[in-house]
Amino acid sequence: MTAYQWFVFFLIVQLIHGLGTWKLYEKAGRKSWEAFIPVYNSIVLMKIINRPTWYTFLLFLPVINLMMFPIVWVETLRSFGKNSSTDTFLGVITCGFYIYYINYTQKVTYITDRSTIATTKTGDTVSSLLFAIIVATFVHTYFIQPFVIPSSSLEKSLLIGDFLFVSKQNYGARTPMTTVAAPMVHDTLPFIKKKSYTTFPQLPYFRFPGFEKIKNNDIVVFNWPRDTLFHMYLPADKRYDKPIDKKTNYVKRCVGIPGDSLQIKDGIVFINGKELTMPERAKPQYSYKVTLDPKSTTDFDGVFKDLNITDGYGFETEARDSLTIRALTFENAEKLKTVSGITSIKRIIRKGRENGIFPCKHHDGADESKIAWSGDNYGPIYIPQAGKTVALTLASLPFYKIIIKEYEGNKLKVVGNDIYVNDKIATSYTFKQNYYWMMGDNRHNSLDARYFGYTPEDHIVGKPIFIWMSWDSNGKGIMNKIRWERLFTTVSGEGQPQSYFKYFLALLALYFVGEYFWTRRKAKKTE
């Protein structure tokens, strides 16, 4: 829905509210016209049902308002003496339209200074639970979201099984576009494995101001752009559409920001002609071909284990005289060169045209004979910036086709040698939003921008800031499954990660000791 359509929808909702409650407003000592004034009518209604004025704010927050509406319907009924279970059920099941029946057909009396405290233990429990869910949803949506690392694309920096807190505030919280969705779950309801949302209606994209912009080398959580356009394992004509905020969550390192020129030479990223300097915590990894002396008595499995290379390698022959290591850092590669029995170690560099590389004929209409790129030798490519204009030709179109048609919602077609945008011949195009280039540190084991292209700004979710738990599923025994050294560590920062878990335990112990003595002191005063 466009902004105009939402405005019309909003006015219709206000009219529906006014027609269904104006008599009740009068019985509560207010003016009937107050039921029709947008926003103001909600402020007045909060006074009528004896709830804080700030509840009005919650009524206009997507997803959260879905939980607030039933509460307000029930509270409105109870403010006019409709307290039975039947009234409550009818108020909720009719989506509030039961209030129309009360407004026009029933003689009710407004209860002044009605108590909002639950009269039963069950009612109190339900109220407390609802309030907790609303608060948790608010925090989850606009401040901090938990996230778990599912793949090894950022291995060494972030490990499979790391549980993160992702800040929505750093880059600015994005309001939900999907307005009807289950709280605190993503695209699927747990256990029953059903879709957790409806695709209609959709809010236009809006993001609150953040206190920093995405920089080169930032680790970023985002919605996978191609989740809507195609799946890597489906034919080009097969697609499934998901709202932007319900696309699969990905986490990668942003190596290219809007306005950058990016190129990859033999696996090394260059930005604007200069090699990208990686932070100390980043550990880029590549595949290596290793040749061994078959006569050597070196325990290679033990060597690899000492370097934390466990399931990332495989012997190629029964004689175990050669192997491929799939994720090796430069540092560990240098260490292996000094190991007795290793005759050679060579980094695998992909050359020539690689299947599935962006842009490709299968999905982007590129002439692959003219774009002979691979994941290790790629570009140069321009990272689009909002407000900037590029020349539009048949050669450049595959790079921007998805942006023009899908991400920025234009009509696009090619007739002969002419490109039409919104039914007009176009020789250039001006971008409406910023785009980013996301890559994994595990260069040969990462589905990233080299294969799905640009990430639009409206797909940005947030910035990982904290690892509160890390679980190694391969560990033996419960104590070894927890990576204790990673608990309560920051994701970014200078130097190597440092665990603050012991400080957390100290503060927790201090809290309980203080609570104990405070309780004792309070008990003595009442004696």
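**Structural briefing: helix α1, nonpolar cores and antiparallel sheets**

The cover over the buried residues of helix α1 includes α2 (40–48), α4 (64–78) and α6 (98–105). The model is predicted. The points below treat helix α1, then the nonpolar cores, and then the strands.

**Helix α1**

- Helix α1 comprises 25 residues, 3–27, and spans 36 Å from its first C-alpha to its last, which is close to the 36 Å expected at 1.5 Å a residue.
- A kink of about 55 degrees occurs in α1, with its centre on T21.
- T21 is also one of the buried residues of α1, together with W6, Q14, G18, G20, L24 and Y25.
- After α1 comes G29, which has a positive phi near 85 degrees.

**Nonpolar cores**

- The largest nonpolar core has 47 residues, and the members that touch the most others are L262, I381, L392, Y400, W437 and Y454.
- Helix α12 (residues 397–407) makes the greatest contribution to this core, giving 7 residues.
- A second core, separate from the largest, has 28 residues, among them Y25, A28, I64 and I99.
- In soluble globular proteins, nonpolar side chains tend to be buried together.
- Y25 therefore appears twice in this account: among the buried residues of α1 and, by the grouping of buried nonpolar residues joined through side-chain atoms within 4.5 Å, in the second core.

**The hairpins of β5, β6 and β7**

- Strand β5 (residues 261–265) is joined to β6 by 4 bridges, and the two strands run antiparallel.
- L262, listed above for its contacts in the largest core, has I271 as its bridge partner in β6.
- The hairpin of β5 and β6 has 2 residues between the strands, and D266 there adopts a positive phi near 50 degrees.
- Strand β6 (residues 268–271) is covered on both faces, with I268 and F270 buried on one side and V269 and I271 buried on the other.
- In a regular strand the side chains alternate between the two faces of the sheet.
- On the other pairing of β6, 2 bridges connect this strand to β7 (residues 274–275) in an antiparallel arrangement.
- F270 has E275 as its bridge partner in β7.
- The hairpin formed by β6 and β7 likewise has 2 residues between its strands, and N272 in the turn has a positive phi of about 55 degrees.

**The sheet of 4 strands**

- An open sheet with antiparallel pairing has 4 strands in the order β9-β10-β8-β11.
- β9 (313–315) and β11 (342–347) are the edge strands; each has a single partner strand, so one side of each lacks a neighbour in the sheet.
- Ignoring direction, neighbouring strands of this sheet are turned against each other by 20 degrees on average.
- Strand β8 (residues 285–292) and β11 run antiparallel and are joined by 5 bridges.
- T291 stands opposite S344 in β11.
- Helix α10 (residues 330–337) packs on the sheet and touches β8, β10 (322–329) and β11, its direction making about 140 degrees with that of β10.

**The sheet of 3 strands**

- A further open sheet has 3 strands in the order β14-β15-β16, paired in the antiparallel sense.
- The edges are β14 (412–415) and β16 (424–425), each with a single partner strand, so one side of each is left without a neighbour in the sheet.
- Strand β15 (residues 418–421) pairs with β16 over 2 bridges, in the antiparallel sense.
- V421 stands opposite K424 in β16.
- Helix α12, which gives the most residues to the largest core, lies across β14 and β15 and runs at about 140 degrees to β14.

Conventions
Residues are numbered from 1 along each chain as its sequence is written. This is a predicted model: local features need pLDDT of at least 70, side-chain atom pairs count only at pLDDT 80 or more; totals for chains, interfaces and linings use all residues. Side-chain values use heavy atoms; hydrogens and water are left out. The expected span of a helix is 1.5 Å times one less than its number of residues. The bend at a residue is the angle between axes fitted to the seven residues ending there and the seven starting there. Buried means under 20% relative accessible area, exposed over 50%, partly exposed in between (1.4 Å probe, protein chains only). Contact means heavy atoms within 4.5 Å. Two strands pair if DSSP finds at least two bridges between them. Axes are lines fitted to C-alpha atoms, for helices over the stretch in contact, and angles run from 0 to 180 degrees between N-to-C directions.
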